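Trainee: I should like a close look at one part of this model, followed by an account of the setting in which it is found. Please begin with the backbone and go on from there.

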Amino acid sequence: MKRLTIIAVLLISLQMQAQNVIIHDPVMAVENGKYYLFATGMGVQILSSTDMKDWQKEGSVFGKAPEWAVNSVPGYRGHTWAPDIQKVGDMWWLFYSCSSFGKNTSAIGLAVNKTLDKNNPSYQWIDKGVVVRSNGKSTNWNAIDPNLIIDKKGKKWLCWGSFWDGIQLAQLNIKKNLDALPFDKEKIKGTPKTIARRHATNKNLSKEDLALADEAPDAGPNAIEAPFIVYRDGYYYLFASWDYCCKGPRSTYKTVVGRSKDIHGPYVDRSGKDMANGGGDIIMQADSLYYGIGHCGVYEVNDQWYIIAHGYDRSDFGASKLVIRRLSFDDQGWVSVE
């Protein structure tokens, strides 16, 4: 009983530490024993920590909004959404989202840096420009919420998506050694494939969700977004968010997962239902601390898996706060959150 009490106190302590960090759409990177968070904000928000508990502000990636995005994405003025950060070779790749609420005239860009330590003389974010864009006239998907996955053969893939026709996957066409100049065109191969959607209709939506869907009518009621894929022991795991973010106490975010032996899918849940047909196991949702929890990143740090997300804090009028929890896999490889 004493041991259980100690464990409970430690878990609550970690959660309470996270509650004090206001953040949206966090992703994490580790360099030289230091942890970095990148998140939605003007120019992409950066925080750092030495213990994953106490976080310090580190400024932003962009001091000025990328000119190509301002010129090509209506309504975008520098408030940059939902980044993804990963080390590729000797460079950090940071994908970022440029859009305006409820519209799919959006674009995903890429910036690179040799280091995350702003005190290092080599520290400099270099914007490479557009990777993929969406347009309501020609695409039924939204180019935001990027995530890079390098498959077991070393090929680079990008998944992304929010509402419309759900989560997309495409292979990247980016050289190992990035050109010195910004990209002059999009950098994906072929036609993106939808790997997860909700198939929600007005017939199976609650009155509350219908009201939330009406606030962004162009997006429709297909409330799925924020993909994140990790590879472990023969499976690719696709994490995504269901329902509605950004509504304070009205937020209904849920985090779901499915898995596949192939990067292309199908990604299925425990029952065998394909995520492209509405499948997905819910692993985080509203609880005693949060109205909803979603937009996650998943990481293995020192042989322990963590899920990092934001939750809408019940004790602070639904403010968006950092959530860090341990993640585990059972004997069959299915996911649960502690």
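Mentor: The part to examine is Phe 317, which lies in the loop between strand 19 (304-313) and strand 20 (319-329); strands (E, at least two residues) and helices (H or I, at least four) are DSSP runs, numbered from the N terminus. The model is a predicted one, in which local features need pLDDT of at least 70 and side-chain atom pairs count only at pLDDT 80 or more, while totals for chains, interfaces and linings use all residues. Residues are numbered from 1 along each chain as its sequence is written, and side-chain values use heavy atoms, with hydrogens and water left out.

Phe 317 is not a glycine, yet its phi is positive, at about 60°. Most residues other than glycine have a negative phi, and most peptide bonds are trans. The side chain belongs to an exposed residue, for Phe 317 has a relative accessibility of 74%; exposed means over 50% relative accessible area, buried under 20% and partly exposed in between (1.4 Å probe, protein chains only).

Asp 25 invites comparison. Its phi is near 60°, again a positive value in a residue other than glycine, and Asp 25 is placed in the loop between helix 1 (2-19) and strand 1 (27-31). Asp 25, however, is buried, with a relative accessible area of 7%. A further backbone feature is the cis peptide bond between Gly 265 and Pro 266, with omega about 5°. Pro 266 belongs to the loop between strand 16 (254-260) and strand 17 (281-284).

Strands 16 and 17 also take part in an open sheet of four strands, ordered 14-15-16-17 with antiparallel pairing; two strands pair if DSSP finds at least two bridges between them. Strand 14 (224-232) and strand 17 form the edges, and each has a single partner strand, so one side of each lacks a neighbour in the sheet. Within the sheet, strand 15 (residues 235-242) and strand 16 run antiparallel and are joined by seven bridges. Leu 238 has Gly 258 of strand 16 as its bridge partner.

A hairpin is found elsewhere, where strand 10 (residues 147-150) and strand 11 (residues 156-160) run antiparallel, joined by four bridges. Here Ile 149 has Trp 157 of strand 11 as its bridge partner. Five residues lie between the two strands of this hairpin, in which Gly 154 has a positive phi near 90°.

From the backbone we may turn to the interior. The largest nonpolar core has 55 residues, of which Met 28, Phe 38, Trp 55, Ile 85, Trp 125, Phe 239 and Val 298 touch the most other members; such a core is a set of buried Ala, Val, Leu, Ile, Met, Phe, Trp, Tyr and Cys residues joined through side-chain atoms within 4.5 Å. Strand 18 (residues 290-301) supplies the largest share of this core, six residues. Apart from this core lies another, of 19 residues, including Val 88, Met 91, Phe 95 and Leu 158. Beyond its neighbours within four places in sequence, Trp 55 is in contact (heavy atoms within 4.5 Å) with residues that include Val 21, Met 28, Tyr 35, Leu 322 and Ile 324.

The cysteines deserve separate mention. The structure holds one disulfide, a pair of cysteine sulfur atoms within 2.5 Å. This disulfide is formed by Cys 245 and Cys 246, with their sulfur atoms 2.3 Å apart. The torsion about the S-S bond of Cys 245 and Cys 246 is about -70°, so the disulfide is left-handed. Cys 245 is buried at 14% relative accessibility, whereas Cys 246 is partly exposed at 42%. Cys 98 is in no disulfide, and the nearest cysteine sulfur, that of Cys 246, is 16 Å away. Cys 98 is buried, at 0% relative accessibility. Cys 159 is likewise in no disulfide, the nearest cysteine sulfur being that of Cys 296, 11 Å away. Cys 159 also counts as buried, at 0% relative accessibility.
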